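Please read these comments with the structure open beside you, taking the points in order. Each one is a short paragraph, and each can be checked by eye.

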Amino acid sequence: NTLANSAQAKKRARQAETHRQLNASQRSAMRTKVKALRKAIIAGDKEQAVAAFQAAVPVLDRMARKGLIHKNTAARGKSRLNNAVRAM
């Protein structure tokens with residue numbers, strides 16, 4: 001159900017939908033990792049927070065590398081989360 005008329009436009013519409021779904025899945029996974037880290041920080045569990053931070057950093061880096069988020073956004077997020085963990 002696209003507005004595309006040409007075969008090329010129909011294919012691009014299919015590809016765009018596939019990429020949209022993949023991006024949504026990866027964005028959700030990234031947010032889940034960050035949310036788990038924030039939950040550990042709020043709970044005051046430093047060991048769990050450090051482990052969650054080590055799990056979240058590669059995910060943020062990967063999303064920045066793939067262009068899902070801007071590299072500066074990833075760097076800012078890692079910095080703020082690291083500061084929160086170190087302040088515990």
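The points below go from the whole fold to single residues and pairs.

1. The first thing to keep in mind is that this is a predicted model. Its secondary structure comes to 3 helices and 0 strands, and when the chain is read from the N terminus, the elements follow the order α-α-α. The helices named in these points are α1, covering residues 7–43, α2, covering residues 46–66, and α3, covering residues 71–86.

2. On overall shape, the radius of gyration of the protein is 18 Å, whereas a compact globule of 88 residues would have one near 12 Å. The extents along the principal axes can be set beside this value, since the C-alpha trace spans about 60 × 20 × 15 Å. As for cover, 23% of the 88 residues count as buried.

3. How many salt bridges does a search of the whole structure find? The search finds 2, and it may help to recall that side chains of opposite charge can pair when their charged atoms come close. The next two points take the bridges one at a time.

4. One salt bridge joins the side chains of E17 and R20, with a distance of 2.7 Å from N to O. Both residues belong to helix α1, where they stand 3 residues apart, which is about one turn of the helix. E17 has a relative accessible area of 34% and is therefore partly exposed, and R20 is likewise partly exposed, because its relative accessible area is 48%, the range for this class lying between 20% and 50%.

5. The other pairing is between D61 and K78, whose closest N and O atoms are 2.6 Å apart. This pair links distant parts of the chain, for D61 sits in helix α2 and K78 in helix α3, with their positions 17 residues apart in the numbering. With a relative accessible area of 27%, D61 is partly exposed, and K78, at 22% relative accessibility, also counts as partly exposed.

6. Where does the largest share of the positive surface patch come from? The patch is formed by K33, R62, R65 and K66, and helix α2 supplies 3 of its residues, the largest share. R65 is one of the residues placed in helix α2, and it counts as exposed because its relative accessibility is 65%, with the cut-off for exposed residues set at over 50%.

7. Is V50, which lies in helix α2, buried, partly exposed or exposed? Its relative accessibility is 31%, so V50 counts as partly exposed. The C-alpha atom of V50 is separated by 8.2 Å from that of L37, and the two residues are 13 residues apart along the chain.

8. A last residue to look at is G44, which is found in the loop between α1 and α2. G44 has a relative accessible area of 51% and is therefore exposed, a value that can be compared with the cut-off of over 50% for this class. Between the C-alpha atoms of G44 and P58 the separation is 23 Å, and these two residues are 14 residues apart along the chain.

Terms used: Residues are numbered from 1 along each chain as its sequence is written. This is a predicted model: local features need pLDDT of at least 70, side-chain atom pairs count only at pLDDT 80 or more; totals for chains, interfaces and linings use all residues. Side-chain values use heavy atoms; hydrogens and water are left out. Patches are made of residues with over 30% relative accessible area and no salt bridge: like charges are joined within 9 Å, nonpolar side chains (Val, Leu, Ile, Met, Phe, Trp, Tyr) within 5 Å. Accessible areas come from the Shrake-Rupley method with a 1.4 Å probe; for residues, only the protein chains shown count as cover. A salt bridge is a side-chain nitrogen of Lys or Arg within 4 Å of a carboxyl oxygen of Asp or Glu. Lys and Arg count as positive and Asp and Glu as negative; His and the chain ends are not counted. The place of a charge is taken as NZ of Lys, CZ of Arg, CG of Asp or CD of Glu. Helices (H or I, at least four residues) and strands (E, at least two) are DSSP runs, numbered from the N terminus. Buried means under 20% relative accessible area, exposed over 50%, partly exposed in between (1.4 Å probe, protein chains only). The radius of gyration is taken over C-alpha atoms; the globule rule is 2.2 Å times the number of residues to the power 0.38.
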